[in-house]
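Work through the exercises below with the model open. Try each task before reading its solution.

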Amino acid sequence: MNINSLLNSIMGSAGTGIDKAVNTAKSGFMPGGLLGGAAAGGLAAMLLTNKKARKMGGKAIKYGGMAAVGGIAYKAWRAHKDNQTSAQNGTGIPNQGIHADRSNVLPPVPTGSIFDLAEEKTTAQGEDMRLILIRAMISAAKADGHIDAAERTRIEQQIKDLGIGTEEQQFLVEQLQATSDPISIARLSENEEQATEIYLVSLLAVDIDTDEERRYLDRLGDALHLPTDLRQNIEYEVKHAQTQ
C-alpha cells in the first residue's frame, strides 16, 4: 500500500500539505494555521460535511501532515512526563506544568521514536502507526452520526476521484463503513505514547459541538488509560494550534 499517497489524500495535496508540514516540523517550528498546509481538498474536509464545514467556514481542517501531528503529540506527552518527574522529586505538585509552554515552537522529536511520523513506524504487532492514526481519525469523525447512507455514498465517490490506487481506496472505504467505536480504536494502542497520538488525531477530527462527540472522546481517553493531565495537555495543544 502506498501510505504516502494515502496520507496526501487525507491531509491535503502534496507540496502544500504533508510535504510542507514534514519540512516545517523537522525545523522545530509550528506551522501556521492548524498544523500548516491546506487539507481543504482532502478526505478530512469531506468528512466534515455540511454542518461542520459551514460552522468552521473557510478554515476547515488544516492538518498539514503526520510529522506535525507527531510533534504536537510529543510536546503534550513530554510536558506530562516532566510534570510526573517534578512531582516525584518534590520540586512541584501534580498538574502544575499543564499549559506552561504557550510557544509555537515544537520540541525536537526523538529520531526513530513513535512520534517521528515523517517515516514509517511499525508497532510491535506489525501495523504501521500512520494507518492506525488514519483509522482513529475517521472513526472519530463519524462519532456524531452525521454521515448517513447518502453522505457515505457521496464520500465513497469522492474517494474514487482522489486519484489513489485501488488498495488505498479500499482501505478508506472500509474505514468509512466501519462502526465508530472508541474501544476498538483504543485496543490498537500498545503504550502511552501511541495512546497520546491516537487521542490527538481523534480530537483533531471532531469539533466537540455534540454530546456524542464528547462521549466518544471520554470513552476513548478512558479506554486508552490516559491520565487526566495528559488529556488536558493534548486538548490544550490542539486548541492552541487551531488559533495560530
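**Exercise 1. Is Y74 buried or exposed, and what is its relative accessible area?**

Solution. Y74 has a relative accessible area of 10%. Buried means under 20%, exposed over 50%, and partly exposed in between, with a 1.4 Å probe and protein chains only. Y74 is therefore buried.

Before going on, note the ground rules. This is a predicted model, in which local features need pLDDT of at least 70, side-chain atom pairs count only at pLDDT 80 or more, and totals for chains, interfaces and linings use all residues. Residues are numbered from 1 along each chain as its sequence is written, and side-chain values use heavy atoms, leaving out hydrogens and water.

**Exercise 2. Classify the ring pairs of F115 with Y74 and with W77.**

Solution. Start with the yardstick. A pair of aromatic rings is described by the distance of the centres and the angle of the planes. Rings of Phe, Tyr and Trp (its six-membered ring) pair if their centres lie within 6.5 Å; planes under 30 degrees apart count as stacked, over 60 as edge-to-face and the rest as tilted.

- Step 1. The structure holds 3 aromatic pairs.
- Step 2. The ring centres of Y74 and F115 are 5.3 Å apart, with planes at 55 degrees, so this pair is tilted.
- Step 3. Locate the partners. Y74 is in helix 4 (residues 66–88), and F115 is in the loop between helix 4 and helix 5, 41 residues apart. Helices here are DSSP runs (H or I, at least four residues), numbered from the N terminus.
- Step 4. F115 has 3% relative accessibility and counts as buried.
- Step 5. For W77 and F115, the centres are 5.5 Å apart and the planes stand at 40 degrees, so this pair is tilted.
- Step 6. W77 is in helix 4, and 38 residues separate W77 from F115. Both W77 and F115 are buried.
- Step 7. Put the pairs together: Y74, W77 and F115 form a cluster through ring pairs.

**Exercise 3. Describe how helix 5 packs on helix 9 and on helix 7.**

Solution. Two packed helices are described by the angle between their axes and the distance between the axes. Axes are lines fitted to C-alpha atoms, for helices over the stretch in contact, and angles run from 0 to 180 degrees between N-to-C directions.

- Step 1. The axes of helix 5 (residues 129–141) and helix 9 (residues 192–204) come within 8 Å and cross at roughly 40 degrees. That makes helix 5 oblique to helix 9. Angles under 35 degrees count as roughly parallel, over 145 as roughly antiparallel, 65 to 115 as roughly perpendicular and the rest as oblique.
- Step 2. The crossing of helix 5 and helix 9 is right-handed. A crossing is right-handed if the near helix is turned clockwise from the far one by less than a right angle, and left-handed if anticlockwise.
- Step 3. List the contact (heavy atoms within 4.5 Å). Helix 5 gives M129, I132, L133, A136, M137 and A140; helix 9 gives Q194, E197, I198, V201 and S202.
- Step 4. Turn to helix 7. The axes of helix 5 and helix 7 come within 9 Å and cross at roughly 40 degrees. Helix 5 and helix 7 are therefore oblique to each other, and their crossing is right-handed.
- Step 5. Here L131, I134, R135 and I138 of helix 5 meet F171, L172, Q175 and L176 of helix 7.

**Exercise 4. What angle do the axes of helix 9 and helix 10 make?**

Solution. The axes of helix 9 and helix 10 (residues 211–223) cross at roughly 175 degrees and come within 10 Å. Helix 9 and helix 10 are therefore roughly antiparallel to each other. In the contact, I198, Y199, S202 and L203 of helix 9 face R214, L217, L220 and G221 of helix 10.

**Exercise 5. Place H80, D181 and H225, and give the accessibility of each.**

Solution. Take them in turn.

- H80 is in helix 4. H80 has 1% relative accessibility and counts as buried. Beyond neighbours within four places in sequence, H80 contacts E192, P227, D229, L230 and N233.
- D181 lies in the loop between helix 7 (166–177) and helix 8 (182–186). At 24% relative accessibility, D181 counts as partly exposed. D181 touches S139 and Y216, not counting residues up to four places away in sequence.
- H225 is in the loop between helix 10 and helix 11 (228–242). With a relative accessible area of 66%, H225 is exposed. Phi of H225 is near 60 degrees, a positive value in a residue other than glycine.

Definitions and conventions:
Helices (H or I, at least four residues) and strands (E, at least two) are DSSP runs, numbered from the N terminus.
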